[in-house]
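Okay, thanks everyone, let's get going. I'd like to spend a few minutes on the empty space in this one, so pockets first and then cavities. Here it is on the screen.

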Amino acid sequence: RITYTIVISGLCQAKKADDAHRLFKKMKNSGCSPDFVAYNTLLNGFCKLGRVDEAFALLKSFEKDDFKLGLRGFTSLIDGLFRAKRYDEANAWFRKTFEANVEPDVILYTVMIRGLSEAGKFHDAKKLMDEMNQSGLVPDTYCYNAVIKGFCDAGLLNQARSLQLEILNRDSFPNTCTYTILICGMCRNGLVVEAQQIFNDMEKVGCFPSVVTFNALIDGLCKAGELEKANLLFYKMEIGKNPSL
RNA sequence: GUGUGGCAUUG
């Protein structure tokens, strides 16, 4: 049974939810009854593609087999609803989480914060962050990144930066994504110089730019008309790929 | 003792 679940999980990660579903059926037909891990895995496979209606249909059938939605399942569904831009339903399901006596954790809060920020409901996102802190949960880097991105998208760059510094006080570390988010935010708000500075700073802290980071800054430089600098960066990127040089 | 949930760029 575990072997089935592992393969189902792999198919889901490869975004092959339909194949995963087929294998799931095969698993049942072969006399293996899925457990809650298998159920969660398949639900998440559909949710992360934004195919929430299919996920709900599955959930209904699972519940006939006595499956009870737990924290991870709620998280998947809510994440899926946000991906499908069904914001009201996402909020409703967040409330349902409490009604089911399931305590949200940092991951669920992060999903909510990211979703609300993307919907432009930045104030609601901030409220949730406070709520999370009050309930004693300690935000991790993923969570900070979601909030920082929210600040950036709202054009509140100073607050984004001060939050970046706050991470360190909390015994977490900004990672490559954190810096990419900031670089992108600076560029989009016309602060390309700042973006370059952040780019230079990150290496000093032992955080190395990824392809995504390079792309973000190169794109920003191009859009700001700094083509020479963009070219130089492109060149650096190529060198980085060939340590033998 | 193994399997399930959340981050970044352009397109």
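**Pockets and a cavity**

Let me start with the make-up of the largest pocket: its lining has four nonpolar, six polar and six charged residues. Before I go further, keep in mind that this is a predicted model, so everything here is computed from that.

How big is the largest pocket? Its volume is about 430 Å³. There are 16 lining residues, and the ones closest to the centre are Asn44, Arg72, Thr75, Ser76 and Ile107. If you want to find the place on screen, look for three helices, α3 (36-47), α5 (71-83) and α7 (106-118), since each of them supplies at least two residues of that lining. Which helix gives the largest share? That's α5, with seven residues.

Okay, next pocket. The second largest one holds about 360 Å³ of space. Here we have 14 lining residues, and nearest the centre are Thr110, Arg114, Tyr142, Asn145 and Ala146. As for helices, α7 turns up again, together with α9 (141-153) and α11 (176-188), each of them giving at least two residues to the lining. The biggest contributor is α7, with six residues. So α7 is in the lining of the largest pocket and in that of the second largest pocket.

And the chemistry of that second lining? By class we get seven nonpolar, three polar and four charged residues.

Last stop, the closed space. How many cavities of 30 Å³ or more are there? Just one by this count, and there is about 50 Å³ of space in it. Going around its wall, you meet Arg114, Ser117, Glu118, Ala146, Lys149, Gly150 and Asp153. Two elements, α7 and α9, give two or more residues each to that lining, and α9 gives the most, with four. By class, the cavity lining splits into one nonpolar, two polar and four charged residues.

One thing to take away if you're clicking around later: Arg114 and Ala146 are among the residues nearest the centre of the second largest pocket, and both of them also appear in the lining of the cavity. So if you pull up those two residues, you're looking at the lining of the second largest pocket and the wall of the cavity.

That's my tour, over to you.

Technical notes. Residues numbered from 1 in each chain as written. Chains lettered and ligands numbered in written order. Predicted model: local features only at pLDDT ≥ 70, side-chain atom pairs only at ≥ 80, totals over all residues. Heavy atoms only, no water. 1 Å grid on protein atoms, 1.4 Å probe; cavity = no way out; pocket = protein on both sides within 12 Å on 5 of 7 lines; lining within 4 Å. Points joined across faces, edges and corners; volume = space filled by probe spheres on them. Nonpolar A, V, L, I, M, F, W, Y, C, P; charged D, E, K, R; others polar.
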